Amino acid sequence: MKNFISIDDISDFNSLIDESISIKKNPFKYSHLGEKKAIGLIFFNKSLRTRLSMQKAAEMIGLKCFVMNFNNEGWNLEFENNAIMSTDKAEHIKEAAMVLSQYCDIIAIRKFPDLQNKDEDESEKILNSFIKYAEVPIINLESSIAHPLQALADAITIREHKKNVKPKIVLSWAPHPNPLPHAVANSFVKMVKRIDAEFVITNPVGYNLNSKITDGVTVTHDQNQAFKNADFIYAKNWSSYDKYGQVITKDKNWMIDNDLMSKTNDAYFMHCLPVRRNFVVADDVLDSGKSIVIKQAQNRIYSSLVVLKRILENEK
Ligand code: AN0
Ligand code: CP
């Protein structure tokens, strides 16, 4: 593996899950791989899980880890070619990416979409500029359109909990006060397409995800119907994709509560976190024995570890 930008960068998805579960049993087994090397984590947005699970995985594989909150601590970056840099932008991405490559053997980046302009967000300007100018492998820590480390952790968690060969997995939109990105949902969809599952997405009218990503997946606006016989409920809010970045409903009926969960086949509840209690999901569900959100967060260590292992092995 050279870069890890999307679930599409994994050619052997199911064997990667096997590998993650095996690494979890002996996480320091590959600590020689990162010896005398460093990873730089560059954040343009907030994080708890991504930041600390990647730091933990880096330590397990023997990598030195630098973390930088670029918005507060870095120079304002210019991205345009041939720019006359007379404004507030002090450094061009070209130098920034090449300089970081002198200090780091892997660079990992988090940059959320601004949710103002679909084309601009989908151009993934910051991530693609790093891919273009950096001289080392790049890892996506959540970009405008993808959060593959989360989806990989979710796949590990589903594998560990599934009771039948082909579980029914439901991705359910849930309300949120603010407009949120589509990245977690997009990567979850791409991931479920790669495993053996019956898959249904349920969301209100006006909230269909990018049809290029959901192509071939059943999408229904009837949440109650979707939940019937489900083995896993994965809750996530996203803003409208058609009316790009807008919040067009906060309908409380879509919040995941015990009444909705009772329609399922005693399903597990999943969420990537952070989650707003009693807006996205009711306390009763999140605090129940069927909630596996903390397992998902734990598996973020192992999805990061397996990706670092694949990249470092490729570099040798
Ligand atoms: C972000 C999102 O929805 O993409 C990060 C999730 C991992 N969530 C929030 O901003 C609340
Ligand atoms: N799930 C997730 O990526 O969490 P953070 O935003 O806290 O990193």
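**Two ligands, two sheets and a helix pair**

Let's start at ligand 1, where a polar side-chain atom of Lys-236 lies 2.7 Å from one of the ligand's oxygen atoms. What you have in front of you is a predicted model, in which local features need pLDDT of at least 70 and side-chain atom pairs count only at pLDDT 80 or more, while totals for chains, interfaces and linings use all residues. Residues are numbered from 1 along each chain as its sequence is written, chains are lettered from A and ligands numbered from 1 in the order in which they are written, and side-chain values use heavy atoms, with hydrogens and water left out.

Glu-142 also reaches ligand 1: one of its polar side-chain atoms is 2.6 Å from an oxygen atom of the ligand. (A polar contact is a pair of N or O atoms within 3.5 Å; within protein, one must be able to donate a hydrogen and the other to accept it, and residues adjacent in sequence count only if both atoms are side-chain atoms.) Around ligand 1 you will find Phe-112, Glu-142, Leu-180, Pro-181, Lys-236, Cys-272 and Leu-273, where "around" means a heavy atom within 4 Å. On its own, ligand 1 exposes 330 Å², and the protein buries 83% of that (Shrake-Rupley areas with a 1.4 Å probe; for residues, only the protein chains shown count as cover).

Now move to ligand 2, surrounded by Ser-47, Leu-48, Arg-49, Thr-50, Arg-110, His-147, Gln-150, Cys-272, Leu-273 and Arg-300. Cys-272 and Leu-273 appear in the list for ligand 1 and again in the list for ligand 2. At ligand 2, a polar backbone atom of Cys-272 sits 3.0 Å from a nitrogen of the ligand, and a polar backbone atom of Leu-273 is 2.9 Å from a ligand nitrogen. Arg-49 uses its side chain instead, placing a polar atom 2.8 Å from an oxygen of ligand 2. The protein covers 93% of the 260 Å² of accessible area that ligand 2 has alone.

Next, the sheets. Five strands form an open, parallel sheet in the order β9-β8-β7-β10-β11. β9 (218-220) and β11 (268-270) are at the edges with a single partner strand each, so one side of each has no neighbour in the sheet. From one strand to the next, the twist averages 20°. (Strands, E runs of at least two residues, and helices, H or I runs of at least four, come from DSSP and are numbered from the N terminus; two strands pair if DSSP finds at least two bridges between them.) Within this sheet, β7 (residues 168-173) and β10 (residues 232-236) run parallel, joined by five bridges, and Ser-172 stands opposite Ala-235 in β10. Helix α8 (residues 183-194) packs on the sheet, touching β7, β8 (198-202) and β10, with its direction at about 165° to that of β7. Contact here means heavy atoms within 4.5 Å.

The other open sheet has four strands in parallel pairing, ordered β2-β1-β5-β6. Its edge strands, β2 (64-69) and β6 (138-140), pair on one side only. Five bridges link β1 (residues 38-43) to β5 (residues 106-110), with Ile-42 opposite Ile-109 in β5. Helix α4 (residues 93-103) lies across β1, β2 and β5, at about 130° to β5.

Finally, look at α1 (residues 13-25) and α7 (residues 148-161), whose axes come within 10 Å and cross at roughly 75°. These two helices are therefore roughly perpendicular to each other. Residues making the contact include Phe-13 and Lys-24 of α1 and Leu-152 and Glu-160 of α7. (Axes are lines fitted to C-alpha atoms, for helices over the stretch in contact, with angles from 0 to 180 degrees between N-to-C directions; under 35 degrees counts as roughly parallel, over 145 as roughly antiparallel, 65 to 115 as roughly perpendicular and the rest as oblique.)
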